[in-house]
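Subject: Structure handover and findings

Hello,

Here is the structure I promised to pass on. Please open it alongside this note.

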Amino acid sequence: MDGDGSDSPVTIKNIERELICPACKELFTHPLILPCQHSICHKCVKELLLTLDDSFNDVGSDNSNQSSPRLRLPSPSMDKIDRINRPGWKRNSLTPRTTVFPCPGCEHDVDLGERGINGLFRNFTLETIVERYRQAARAATAIMCDLCKPPPQESTKSCMDCSASYCNECFKIHHPWGTIKAQHEYVGPTTNFRPKILMCPEHETERINMYCELCRRPVCHLCKLGGNHANHRVTTMSSAYKTLKEKLSKDIDYLIGKESQVKSQISELNLLMKETECNGERAREEAITHFEKLFEVLEERKSSVLKAIDSSKKLRLDKFQTQMEEYQGLLENSGLVGYAQEVLKETDQSCFVQTAKQLHLRIQKATESLKSFRPAAQTSFEDYVVNTSKQTELLGELSFFSTGIDVPEINEEQSKVYNNALINWHHPEKDKADSYVLEYRKISRDDEMSWNEIEVCGTSKIIQDLENSSTYAFRVRAYKGSICSPCSRELILHTPPAPVFSFLFDEKCGYNNEHLLLNLKRDRVESRAGFNLLLAAERIQVGYYTSLDYIIGDTGITKGKHFWAFRVEPYSYLVKVGVASSDKLQEWLRSPRDAVSPRYEQDSGHDSGSEDACFDSSQPFTLVTIGMKKFFIPKSPTSSNEPENRVLPMPTSIGIFLDYDKGKVNFYDMDQMKCLYERQVDCSHTLYPAFALMGSGGIQLEEPITAKYLEYQEDM
């Protein structure tokens with residue numbers, strides 16, 4: 001059981017990073033093997049599960065930080081330990097279910113099964129290697145005898161059956177010849193004792209004797225006969241041991257045989273790292289030089305512009321000052337007026353005329369300036385406003401020289417958001433990139449959100465887990481080798497106001513196969529204006545009309561917020577869309593009115609849902625009319641009911657948002673995610689997506705952007 005590694009301590013010392021737990025970042029202690037084949041300390045599994053439990057029960061607690069696998073918690077209480085170890089435990093679960101655990105090694109959620117921790121194998125092989133490493137690290141630290149009287153002697157061997165270490169004398173005393181204990185298995189001194197036989201964690205009295213190839217884990221014969229591995233392919237333990245050991249030995253021999261090649265590649269990598277360091281520093285210095293040149297140009301232009309502004313300001317102020325001095329002279333007891341008053345005191349006529357002539361011309365000029373006051377200069381500096389918009393845009397696009405790699409362009413027509421976001425872009429074939437990086441971020445008024453990055457090999461990507469009722473910006477850049485192109489123009493998309501509700505058309509409840517044609521996928525319905533409609537047209541002569549053909553979703557809604565979308569074909573004559581309660585649908589579908597008065601039409605309002613007479617009442621259905629490429633907003637007492645205000649162009653895609661708990665339904669233009677109409681609805685019964693058609697028309701449900709078409713419905 002000691003293995004071959006005990007005589008090669010140097011090798012043992014070199015594998016430390018393989019012996020570190022990914023959660024606590026310390027040497028493994030009683031490691032358990034997760035279904036993803038990664039190992040983790042037994043105590044770390046408990047701590048992480050306790051952290052998740054506390055996080056769910058108290059989001060604001062200090063122990064709810066799931067992003068820190070090294071979190072150290074106080075000693076867990078016994079009731080929590082029992083709850084975690086108990087088979088079938090799962091947070092927020094009152095019934096036995098599987099336990100989902102986030103593996104810190106691969107960062108994926110793994111299913112621990114109904115038995116939780118009790119269903120995991122202990123990695124005894126890894127434990128043994130860790131113990132060898134500890135011994136190699138301790139070197140001179142001895143393992144003392146467990147049975148000696150104080151002071152204990154240094155042990156010389158350990159008994160795997162007794163799980164104790166002994167000196168030579170104590171071993172002879174407790175393992176006398178001729179007894180059963182003399183047959184015990186012993187190894188060199190160790191503190192790592194493991195059972196000689198692995199027992200099945202599912203059936204604790206059964207030993208492991210087979211290997212499940214599908215689950216990649218050892219099993220017992222009861223697991224194969226009637227357990228979780230009944231239909232799985234298994235092999236004998238000896239066969240699995242032989243096969244896996246041969247593969248591992250072959251791969252190890254290959255790596256050892258390539259040692260010189262690996263050393264050569266390591267040397268090459270060291271040279272590449274040094275070259276990268278030098279080139280990076282050179283590129284950094286060149287970038288600093290380029291920016292300093294830009295700063296110099298900006299400083300020069302700044303100085304020139306400010307000098308021009310200052311010169312213009314000084315010239316204008318001088319003109320204003322001269323004009324002000326002229327006007328100051330017009331005031332009494334100052335300047336021109338004072339001088340004129342003194343001239344008037346002259347009594348000699350000849351002298352007065354000689355002086356007054358020139359003075360009168362000056363007074364006359366001043367009088368005219370008073371009558372038509374005009375400032376000597378302009379106060380506005382509109383001609384001196386610096387226009388930097390073009391330069392700002394160019395600086396914003398400042399990037400590395402791409403050596404010919406064009407900027408990829410996001411295809412706005414093929415990109416959309418529904419339950420997830422689908423982003424498509426195209427790139428010239430001559431500049432085909434090795435990879436792309438798609439960046440996206442949530443646009444918030446309060447905070448500047450950072451960009452999330454996803455590396456993509458193709459030219460499209462589905463982005464999941466976007467927040468509802470939010471706005472996101474998307475952009476993409478191309479990589480060819482180590483060269484990066486500038487980012488594309490940003491695409492702004494708005495997410496729906498609620499989770500997407502997936503359903504199909506119901507082919508049984510009220511479906512009229514004479515007038516309606518449903519495709520095999522049950523996500524598209526067409527109304528056929530054929531021979532039957534022409535026959536029904538005879539009733540029009542006597543004041544009757546043909547009723548709407550209803551079709552509903554196959555799943556009802558009893559709580560929560562839901563959103564779904566669809567497209568109405570442009571050629572459709574009359575289509576009604578919305579929601580209706582189960583009681584109202586039974587009333588409509590049980591009493592088909594193929595020939596009734598138009599005054600009692602189902603959606604005209606005269607049967608408890610009037611748009612004209614019952615504005616404020618909460619009705620058990622809400623339908624809006626779409627047809628002839630128009631969207632008709634129902635009449636309302638709070639807004640203009642003029643036809644030009646109620647008729648809008650028909651959106652390419654229409655969304656419906658139902659808030660069952662608040663009793664409210666909204667109709668959206670999916671292109672802009674803009675609400676077109678809102679109405680209260682009675683939610684006392686189950687509500688269904690409802691559609692109605694008359695004449696030629698077609699409705700296509702929007703397909704969720706996911707590989708599993710009915711994923712949401714299955715979760716429900």
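Below is what I found, from the whole chain down to single pairs.

**Overall**

Please keep in mind that this is a predicted model. The protein chain has 716 residues, and 36% of them are buried. It contains 15 helices and 33 strands. Among contacts with a separation of 6 or more, 60% are between residues 24 or more positions apart. The exposed surface of the protein chain comes to about 44900 Å². Carbon and sulfur atoms supply 52% of that area.

**Strands β29 to β31**

Start with β30, residues 664-669. Five of its six residues are buried, so the strand is largely enclosed by the rest of the structure. β30 pairs with strands β29 and β31. Strand β29 (residues 654-659) runs antiparallel to β30, and six bridges join the two. Strand β31 (residues 674-680) also pairs with β30 in the antiparallel sense, over six bridges.

Val665 is a good residue to click on. In the pairing of β29 with β30, Val665 stands opposite Leu658. In β31, the bridge partner of Val665 is Arg679.

Both connections are hairpins. Four residues separate β29 from β30, and Gly663 in that hairpin takes a positive phi near 65°. Four residues also lie between β30 and β31. There, Met673 in the turn has a positive phi of about 50°.

**A three-stranded sheet**

An open sheet has the strand order β2-β1-β5, with antiparallel pairing. Its edge strands are β2 (39-41) and β5 (121-122), each pairing on one side only. Two bridges join β1 (residues 31-33) to β5. Leu32 has Arg122 in β5 as its bridge partner.

**Aromatic rings**

The whole structure holds 16 aromatic pairs. One of them is Phe505 with Phe691. The geometry is edge-to-face, with 5.3 Å centre to centre and 80° between the planes. This pair links distant parts of the chain, 186 residues apart. Phe505 sits in the loop between β20 and β21 (516-518), while Phe691 belongs to strand β32 (residues 687-694). Phe505 and Phe691 are both buried. They are also part of one aromatic cluster with Phe501, Phe503, Trp564 and Phe566.

Charges sit over rings in two places I looked at. Lys157 lies over the face of Phe171, at 5.1 Å from the ring centre. The charged end of Arg316 is over the ring of Phe381, 4.2 Å from its centre.

**Salt bridges**

The structure has 16 salt bridges. What do they join? Here are some of them.

Lys416 forms a salt bridge with Glu702, with the closest N and O atoms 3.5 Å apart. Lys416 lies in strand β13 (residues 416-417), and Glu702 in the loop between β33 (697-701) and α15 (711-715). The pair therefore ties together parts that are 286 residues apart in sequence. Lys416 is partly exposed, at 34% relative accessible area. Glu702 is at 12%, so it counts as buried.

Asp554 and Arg522 meet in a salt bridge (3.5 Å, N to O). These two residues are 32 apart and link distant parts of the chain. Asp554 is in the loop between β23 (549-552) and β24 (561-568), and Arg522 in the loop between β21 and β22 (524-527). Asp554 is partly exposed, with a relative accessible area of 26%.

There is also a network. Salt bridges that share partners join Glu439, Glu453, Arg475 and Arg477.

The side chains of Glu342 and Lys345 form another salt bridge (3.2 Å, N to O). Glu342 has 49% relative accessibility and counts as partly exposed. Lys345, at 58%, is exposed. The cut-off explains the split: exposed means over 50%, so Glu342 falls under a different label from Lys345.

**Ser488**

Last, a single residue in a loop. Ser488 lies between β19 (483-484) and β20 (491-494). Is Ser488 buried or exposed? Its relative accessible area is 6%, so it is buried. Which residues is Ser488 in contact with, leaving aside its neighbours within four places in sequence? They are Val407, Pro408, Ile410, Arg475 and Val476. Arg475 appears here as well as in the salt-bridge network.

Best wishes

Terms used:
Residues are numbered from 1 along each chain as its sequence is written. This is a predicted model: local features need pLDDT of at least 70, side-chain atom pairs count only at pLDDT 80 or more; totals for chains, interfaces and linings use all residues. Side-chain values use heavy atoms; hydrogens and water are left out. Buried means under 20% relative accessible area, exposed over 50%, partly exposed in between (1.4 Å probe, protein chains only). Contact means heavy atoms within 4.5 Å. Rings of Phe, Tyr and Trp (its six-membered ring) pair if their centres lie within 6.5 Å; planes under 30 degrees apart count as stacked, over 60 as edge-to-face and the rest as tilted. A charge sits over a ring if NZ of Lys or CZ of Arg is within 6 Å of the ring centre and within 35 degrees of the ring normal. Two strands pair if DSSP finds at least two bridges between them. Accessible areas come from the Shrake-Rupley method with a 1.4 Å probe; for residues, only the protein chains shown count as cover. A salt bridge is a side-chain nitrogen of Lys or Arg within 4 Å of a carboxyl oxygen of Asp or Glu.
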